[in-house]
Structures are given as structure tokens and as C-alpha cells.
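Trainee: Could you take me through one part of this structure slowly, and then show me how it sits in the rest of the chain? I would like to follow each step of the reasoning.

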Amino acid sequence: MRANVAHKSGNMPPEILILTDHRKEAIMKSVVFSALLATGVLVSAPAFASKELATKSSCFACHAVDKKLVGPAFQDVAKKYAGDKTAEAKLIERVKKGGSGAWGTIPMPPNVAVKDEDVKTLVKWVLAGAK
Ligand code: HEC
């Protein structure tokens with residue numbers, strides 16, 4: 001019996017074995033996903049993730065959410081650009097390449113170590129009030 005099973009799976013074309021593994025993984029993922037949904041973890045995840053990202057990207061070395069440090073408070077940035085549809089693209093460029101003159105005399109150096117997609121996530125989060 002044992003030998004027979006081993007023999008059978010040994011004969012299985014590799015594609016089928018791979019497919020089966022992918023399926024297992026997909027099922028596992030959807031189980032984890034629904035578990036997270038059920039506990040509400042996913043609902044609060046995005047805001048938390050952006051704050052984590054800002055910490056990881058060293059933005060808080062010069063910025064705080066609700067007070068001016070070296071750079072403007074992220075909430076003030078959100079207020080300043082409220083209703084400005086071009087703000088997102090503009091600020092993505094500023095965060096990437098650095099900027100000066102919008103808030104004072106201290107320039108923001110380019111944040112070269114931060115990935116493009118992370119800059120976009122951060123700017124969206126800032127413009128949404130950094131909550
Ligand atoms: C070394 C200090 C420093 C770091 C690190 C830094 N900033 Fe800044 N940031 C500044 C300063 C100073 C300004 C004001 C520049 C000006 O007056 O135009 C600024 C301005 C900004 C603005 C507004 C730009 C504008 O033109 O109105 C945004 C948005 C911003 N920073 C986001 C970020 C994000 C996101 C990060 C992390 C990836 C970050 N900053 C990291 C110092 C910093």
C-alpha cells in the first residue's frame with residue numbers, strides 16, 4: 001500500500017504537484033484573511049501601516065503628526081493642501097527630491113532611501129490628515 005502511494009505520486013507530473021501546492025497556499029491565505037477580517041484587524045491596518053512606514057522611513061526625525069518640528073506638522077500639510085487636486089503628485093516629487101521655501105527656510109533633503117510606492121503611500125496618508 002505504502003509503496004503504491006509513493007509510486008503514484010512519484011509518477012505525477014511536476015506541474016500538478018506545484019498546482020496543488022499553490023492551491024493549498026491560496027486556501028491558507030484566504031483562511032488567514034477571513035480570520036483577520038473577523039477580528040477587525042484589517043479594518044484598522046492601513047492607518048497603522050502608514051504610521052509604521054513613516055517611522056521606518058525616518059520621516060518622524062523631522063516631522064510630527066500634530067506639531068512643528070524641523071518640518072511642518074503633517075496635519076498642517078494636510079490643511080494647507082486641502083482641496084488641491086495637484087497636491088499629491090507635487091508632494092510625491094518634493095518628498096523624493098527634497099524641497100524648500102514652502103514652509104520656511106529649512107529645506108527638506110531628498111528622501112532617496114524611501115521606495116517610490118512608499119512615498120506615495122506616505123503622501124496620501126499625510127494629505128488624509130496623518131491619522
Ligand atoms: C531632515 C529632515 C526631514 C526629513 C527626514 C523629512 N522631512 Fe519632510 N520636510 C522637512 C522640512 C524642513 C520641510 C519644509 C520644506 C519647505 O519649507 O518647503 C518638509 C516638508 C515636507 C512636506 C511638505 C512639502 C511642501 O512642499 O509643502 C511633506 C509632505 C513632507 N515633508 C513629508 C515627509 C515625509 C513623508 C518624510 C519621510 C519619507 C519626510 N518628510 C522626511 C524636513 C524633513
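Mentor: Let us look at alanine 130, which lies in the segment after α6, and let us keep in mind throughout that this is a predicted model. Although alanine 130 is not a glycine, it has a positive phi of about 55 degrees. That deserves a pause, because most residues other than glycine have a negative phi. As for its surroundings, alanine 130 has 22 other C-beta atoms within 10 Å, and since 20 or more count as buried, it is therefore a buried residue. Buried residues make up 11% of the 131 residues in the chain.

A useful partner for this residue is serine 58, which is not a glycine either and has a positive phi of about 65 degrees. Serine 58 belongs to the loop between α3 (41–56) and α4 (74–80), and it is exposed, with 12 other C-beta atoms within 10 Å.

Now for the wider setting: the chain contains six helices and zero strands, and among its contacts between residues at least 6 apart in sequence, 56% join residues at least 24 apart. The helix α6 (116–127), which comes before the segment of alanine 130, supplies at least two residues of the shell around the ligand, as does α5 (87–97). Of the 28 residues around the ligand, those that come nearest are Cys59, Cys62, Gly71, Trp103 and Met108, and by class the shell has 18 nonpolar, nine polar and one charged residues.

Terms used
Residues numbered from 1 in each chain as written. Predicted model: local features only at pLDDT ≥ 70, side-chain atom pairs only at ≥ 80, totals over all residues. Near = placed C-beta within 6 Å. Helix = DSSP H or I, 4+ residues; strand = E, 2+ residues; numbered from the N terminus. Nonpolar A, V, L, I, M, F, W, Y, C, P; charged D, E, K, R; others polar. Contact = placed C-beta atoms within 7 Å.
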